Amino acid sequence: MLPGSDRELYCSGAVLDQVQRAKLFPDDKHFVDMKLNSAPDLVLSSFHNLTAGFLNSTVPPARLQEFLDQYFEEPGTELEPWTPPDWIDQPEFLTGIKDDKLREWAGQIHNLWKSLGRKIRSDVKDHPELYSLIHTPHPVVVPGGRFRELYYWDSYWVINGLLVSGMTSTAHGMIQNFLDLVSRYGFIPNGGRIYYERRSQPPFLTLMVESFFKATNDTEFLRAALPVLKDEYGFWMQNRSVALDVAGAEHRLNRFHVEAGLPRPESYTDDLELAEGLSEGLREQLWAELKAGAESGWDFSSRWYIDAEGHNDGALKDTRTSQILPVDLNALMCRTERTLASFCRALGEDESAAAYEQAAARRVEAMEALLWDPERGAWFDYSLLSKSKHLEFYTSNLAPVWAECFSLPEMGERAMQYLKESGALNFPNGVPTSLRESGQQWDYPNAWPPLQHMLIEGFSRLPSDEAQQLALDLAQRWIRTNWLAYNEYEAMFEKYDVNGDGKPGGGGEYEVQLGFGWTNGVALQLLQQYGAGLTSAGRRARPDLLLPLVFTALMLR
């Protein structure tokens, strides 16, 4: 087999280019997930011979389809359904849910783990060159819909949901897959396909291990995992960070950054069409920036726009993700540093623990020098181009509250007031990702499960009654939205519209997906944490009343 010939088919090259341009399938991801039934070098040779018979080597769509029928199989054949053996019918957390309807619904969500379980067939390990799928040894719970393989940051909320369901063995296997991927690549790819190998996603692996360790107290697992967690942290510090001088002090913060100036294979025609009319250099820059946007998990959002004047404005073509220092990534890195420090202390590595504690302290200083706005009371993304903050509302502006990454207690309370004054709480069905209607899916009017959970978890950790009340109110809104949608569609969705009672979200590059891994995980966590107070009636919050009075008695009991 020619070296890298499978990547020449799935990641770049003439076959990928012609098949995707011909638009033989409604979703570009379809082709790059198809299995080869012959060796890649044979398929490439056959395609070369085929192109020789046509003008400009361009194969007509009908002949391309015949070529695919001869050499490829439908996607999905490399995975088989898998029922997790540690799934039980009546997990303990259900008993803590007071509302009968929500308890029944929680059991149905718990049941979905069986439908989202996947095991990779042994042939993928024996013949990796025939697949775009990356082999991992343990079965996984996938997001659902078009996302039929494992994904990185989704899995944090999936794993937390599995732990709520008491499925520690399944959670362990998923974490072990990620540890293996770090050992193989030095980082975790965006998802379980070779066309994702050049980009990652927000690095939640350390927090996955933290969740598992809290649930099991498995010190030997922690001891084995820690060197790998250090390696992943090192990758992000070496390859995804920049140093800036502020008032004579050097600060280092992280960013998303992918050096791969080609269209994304799974969204090939979208990227080609977006780059039409650009010079070669600007095309390659745009494609690299789109991949960095995909690495952020927020693909796509007005958050990453920087127009020709250097403002946080424009359209998708103005995406400059790598030129932005994101609040949420740095909050995550701060929490990771503190968690690594606690792991090192638990295992007697006091010197390493001190180093990670110092790194976290330096990051807090850097975030407060560059991202914190004392007048507005929140943190904001920083543009490396304009050397200024982007002051639009995004839920990510509150991420340091979730990470507990701030130096003064009043900063958390200030951030809560910022959220109140932003107008983002005026919606009964969740907090919108932004207040900008760009048509992108990580903007208004969409609300995403992980972002809701980070807000709720952050405010639940603040000491004031007001913050606790806000966390409970946001949990009630989100559970109500999920529950109403489930009643109408008998499905959980990847995102929801804040303007509709149980309305699925929309926008972006593909239709809203069913499943859905992280939605299930967040719902189960909230039902476990707040199950005694949540109600399926879910009284709607009036925009002029931040907190429904129905919860006052609960919080005072």
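Okay, let's start with one residue, Leu332, which sits in helix H14, residues 327-346. Before I go on, please keep in mind that this is a predicted model. So, is Leu332 buried or exposed? Leu332 is buried, because its relative accessible area is 2%. What does Leu332 touch, if we skip residues up to four places away in sequence? The contacts are Pro202, Pro203, Phe204, Leu207 and Trp402. There's also a sequence-versus-space point here: Leu332 and Cys405 are 73 residues apart in sequence, yet their C-alpha atoms are 8.9 Å apart in space.

Leu207 gives us a nice way into the helices. Helix H10 covers residues 205-216, and helix H9 covers residues 168-185. In general, you describe two packed helices by the angle between their axes and the distance between those axes. For H9 and H10, the angle is about 150 degrees and the axes are 10 Å apart. Angles over 145 degrees count as roughly antiparallel, so that is what H9 is relative to H10. The crossing of these two helices, H9 and H10, is left-handed.

Which residues make that contact? On the H9 side you have Thr168, Ala171, His172, Ile175, Phe178, Leu179 and Val182. On the H10 side you have Leu205, Met208, Val209, Phe212 and Thr216. Sort the residues of the H9 and H10 contact by type and you get nine nonpolar, three polar and no charged.

H10 has another partner, helix H11, residues 219-239. H10 and H11 pack at an angle of about 170 degrees, with their axes 10 Å apart. With that angle, H10 is roughly antiparallel to H11. From H10, the residues involved are Leu205, Thr206, Val209, Phe212 and Phe213. They meet Thr219, Phe221, Leu222, Ala225, Leu229 and Glu232 in H11. The residues of the H10 and H11 contact divide into eight nonpolar, two polar and one charged.

If you carry on along the chain from H11, you get to a pair of strands. Strand S6 is residues 241-246 and strand S7 is residues 249-254, and they pair in the antiparallel sense over six bridges. How many residues lie between S6 and S7 in this hairpin? Two, and Ala247 in the turn has a positive phi of about 50 degrees. If you want one bridge to look for on screen, Asp245 has Glu250 in S7 as its bridge partner.

Now for the sheets. As a reminder, strands of a sheet pair through backbone hydrogen bonds, either parallel or antiparallel. One open sheet here has three strands in the order S3-S4-S5, with antiparallel pairing. Its edge strands are S3, 79-81, and S5, 140-141, and each of those pairs on one side only. S3 is joined to strand S4, residues 117-120, by three bridges, and the two run antiparallel. Within that pairing, Glu80 has Lys119 in S4 as its bridge partner.

There's an open sheet with the order S8-S11-S12, also three strands with antiparallel pairing. Strands S8, 324-325, and S12, 388-389, are at the edges with a single partner strand each, so one side of each has no neighbour in the sheet. Strand S11, residues 382-383, pairs with S12 over two bridges in the antiparallel sense. There, Ser383 stands opposite Ser388 in S12.

Let's finish with a few more single residues. Thr269 lies in helix H12, residues 268-274. Thr269 counts as buried because its relative accessibility is 9%. Beyond four places in sequence, Thr269 touches Gln20, Arg21, Lys23 and Asp28.

Then there's helix H19, residues 465-489, where you'll find Asn482. Thr481 is in H19 too. Asn482 is buried, with a relative accessible area of 0%, and Thr481 counts as buried at 0% relative accessibility. What do they touch, leaving out neighbours within four places? Asn482 touches Trp105, Met492, Tyr496, Thr519 and Ala523. Thr481 is in contact with Pro428, Asn429, Gly430, Tyr496 and Gly502. So Tyr496 turns up in the contacts of Asn482 and in those of Thr481.

One last pair of distances, C-alpha to C-alpha. Thr481 and Ser536 are 55 residues apart along the chain and separated by 9.8 Å. Asn482 and Gly412 are 70 residues apart along the chain, and there the separation is 28 Å. That's my tour, thanks everyone.

Methods: Residues numbered from 1 in each chain as written. Predicted model: local features only at pLDDT ≥ 70, side-chain atom pairs only at ≥ 80, totals over all residues. Heavy atoms only, no water. Axes fitted to C-alpha atoms, helices over the stretch in contact; angles between N-to-C directions. Helix = DSSP H or I, 4+ residues; strand = E, 2+ residues; numbered from the N terminus. Parallel < 35°, antiparallel > 145°, perpendicular 65-115°, else oblique. Left-handed = near helix turned anticlockwise from the far one by under 90°. Contact = heavy atoms within 4.5 Å. Nonpolar A, V, L, I, M, F, W, Y, C, P; charged D, E, K, R; others polar. Pairing = 2+ DSSP bridges. Buried < 20%, exposed > 50% of the residue type's maximum accessible area, 1.4 Å probe, protein only.
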